[in-house]
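The questions below concern the fold of a single model and the contacts within it. Please consult the sequence and the coordinates while reading each answer.

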Amino acid sequence: MVLNSLQIKNYRILRNLELDSLSRVSLITGRNNTGKSSILDAVDIYASRGSFKTLFDGLLERGQNASNLRFNEHTIEVNRMIISSMFTDGVVKFKSSLASRSEQSIDIGPLEEVYNKDYNVQILRLGLARTLFHKYSDQDVSRRFPDSEDEMERSYQDMQECIEVKYGGQASWFAPLNGDDHYWIGTGIQRPSDQERFIGPIQCQYIHSTGFNKSKSDNASLWDKVVLTPKENYVIEALNIIEPNVDRLTFRYDLDDRQAFIKLKSVDEILPIKSMGDGINRILSIILALVNSENGFLLIDEFENGLHYTVQEKLWEIIFKLSSKLNVQVFATTHSEDCINAFETILNSENNSEEGKLIRLSNKSGEIKPIEYNADQLRIAMKGNIETR
């Protein structure tokens, strides 16, 4: 699955961003508050096909946590504010104080598909939406929500607010839980007429700026999926960028967690990789995520974090090679000129010029505008000392 284009509407600062020609590897730059990380979040949402857990994890990553106080009017207001923060301007308006859908919706998907609604994610706030789990908490989950638009309209008078997520032929409603659980509950309705259009989630791994893969799996479980396969050699090759004597990798329990240990050539003892610095740990997270993203997406926020400029070129070389081999589409962000220089060098090397591009975002009076650089344009910009960050 490769996105050839992408439109993001009304998601955080991205009121209407259109990227009309994406490559296999896209490096995204721009000043603060231009939506670089929001693009990664949007691709993650698209890949999950509207999973509410993905939405919630995105809020949690930004320090916005749905209230876990006892369910009451106060927590409704807190959760309304948190959910509203996903929308451009941070406000969700309704046409009526009674039963109504929100005026705003968040749309994420390829340009050619956003308008026919086949393969996009749409997120809607519903006014006064009935939390049927109070009524049907002990019943089959399929009875918790209305099974038709007509029934939903008739039921609005006793509803509380919730959000609706649509993808293809599937619609799901999510409402706040009471008690101590601060997750939100949801159930889906598969419309039979649209059933053939629904496609499940796409493989996607997300490396956050902190250096760890927080989206789907930890490094130990990702390693378990590739050990004793050819992909194991790709991981060792990447670790050799920083330590050429790395021979083998394993995960062992250290206290309550499984931690990475490496064996160096000609050394009998094994060493905990966490003792060897941020760089090799960052590379381990990136490469494990990459080899576990076959036919999907790899998202890397602030690529350069923990990496000395001398190793970035070699890492980009491996990313270009493996993304092509494993059919992975890569989106990465950076503030670093060293990172851009390394990216440009590999992009303009043999066989890579059509595989990547740099996308620079600018904020013009609240509208985010992209400037795209292909291999030749980026090479000219770097030689001419044109600002691309």
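Q: Over how many bridges do β10 and strand β11 pair?
A: In this predicted model, strand β11 covers residues 257-264 and runs antiparallel to β10. One of the paired positions joins Arg252 to Gln259 in β11. The number of bridges between β10 and β11 is eight.

Q: Which strands stand at the edges of the sheet β10-β11-β12?
A: This open sheet has three strands with antiparallel pairing. An edge strand has a single partner, so one of its sides is left without a neighbour in the sheet. The strands in that position are β10 (246-254) and β12 (270-272).

Q: What is the average twist from one strand to the next in the sheet β10-β11-β12?
A: The strands of this open sheet follow the order β10-β11-β12. From one strand to the next, the twist averages 35 degrees.

Q: What angle does the direction of helix α6 make with that of β10?
A: Helix α6 spans residues 219-226 and packs on the sheet. The strands touched by α6 are β10 and β11. Relative to β10, the direction of α6 makes an angle of about 130 degrees.

Q: Is Leu288 buried or exposed?
A: Leu288 belongs to helix α8, residues 278-291. Its contacts beyond four places in sequence are Asn219, Leu222, Trp223, Val226, Val235 and Phe251. Because the relative accessible area of Leu288 is 0%, against a limit of under 20% for burial, Leu288 is buried.

Q: What distance separates the C-alpha atoms of Leu288 and Trp223?
A: Trp223 is among the residues that Leu288 touches. Along the chain the two are 65 residues apart. Their C-alpha atoms are separated by 6.6 Å.

Q: Which residues touch the most other members of the largest nonpolar core?
A: This core contains 56 residues. Helix α8 supplies the largest share of the core, nine residues. Apart from it lies another core of 38 residues, which includes Leu6, Ile163, Tyr206 and Leu299. In the largest core, the residues touching the most other members are Leu239, Leu249 and Trp316.

Q: Which residues is Trp316 in contact with, leaving aside its neighbours within four places in sequence?
A: Trp316 is one of the residues that touch the most other members of the largest nonpolar core. Outside its sequence neighbourhood, Trp316 is in contact with Val25, Leu27, Phe303, Ala332, Cys339, Ala342, Phe343 and Ile346.

Q: Which strands stand at the edges of the sheet formed by six strands?
A: The strand order of this open sheet is β9-β13-β14-β3-β15-β16, with mixed pairing. The twist averages 20 degrees from one strand to the next. Two strands have a single partner each, so each has one side without a neighbour in the sheet. Those strands are β9 (204-207) and β16.

Q: At what angle to β3 does helix α9 run?
A: Helix α9, residues 309-326, lies across β3, β13 (297-300), β14 (329-333) and β15. With respect to β3, helix α9 runs at about 135 degrees.

Q: Which residue in the turn between β15 and β16 has a positive phi?
A: Strands β15 (residues 356-364) and β16 (residues 367-373) pair in the antiparallel sense over seven bridges. Within this pairing, Arg360 is opposite Ile371, and Ser362 is opposite Lys369. The two strands form a hairpin with two residues between them. The turn residue with a positive phi, about 55 degrees, is Ser365.

Q: What is the N to O distance in the salt bridge of Arg15 and Asp89?
A: The pair links distant parts of the chain, 74 residues apart: Arg15 lies in strand β2 (residues 14-19), and Asp89 in the loop between α3 (73-84) and β4 (101-109). Arg15 is partly exposed at 35% relative accessible area, whereas Asp89 is exposed at 60%. The N to O distance between their side chains is 3.2 Å.

Q: Is Arg24 buried or exposed?
A: The side chain of Arg24 meets that of Glu355 in a salt bridge of 3.0 Å, N to O. This pair links the loop between β2 and β3 (25-30), which holds Arg24, to the loop between α10 (337-347) and β15, which holds Glu355, 331 residues apart. Glu355 counts as partly exposed at 23% relative accessibility. The relative accessible area of Arg24 is 19%, and burial requires a value under 20%, so Arg24 is buried.

Key
Residues numbered from 1 in each chain as written. Predicted model: local features only at pLDDT ≥ 70, side-chain atom pairs only at ≥ 80, totals over all residues. Heavy atoms only, no water. Helix = DSSP H or I, 4+ residues; strand = E, 2+ residues; numbered from the N terminus. Buried < 20%, exposed > 50% of the residue type's maximum accessible area, 1.4 Å probe, protein only. Contact = heavy atoms within 4.5 Å. Pairing = 2+ DSSP bridges. Salt bridge = Lys/Arg side-chain N within 4 Å of Asp/Glu carboxyl O. Axes fitted to C-alpha atoms, helices over the stretch in contact; angles between N-to-C directions. Core = buried A, V, L, I, M, F, W, Y, C linked by side-chain atoms within 4.5 Å.
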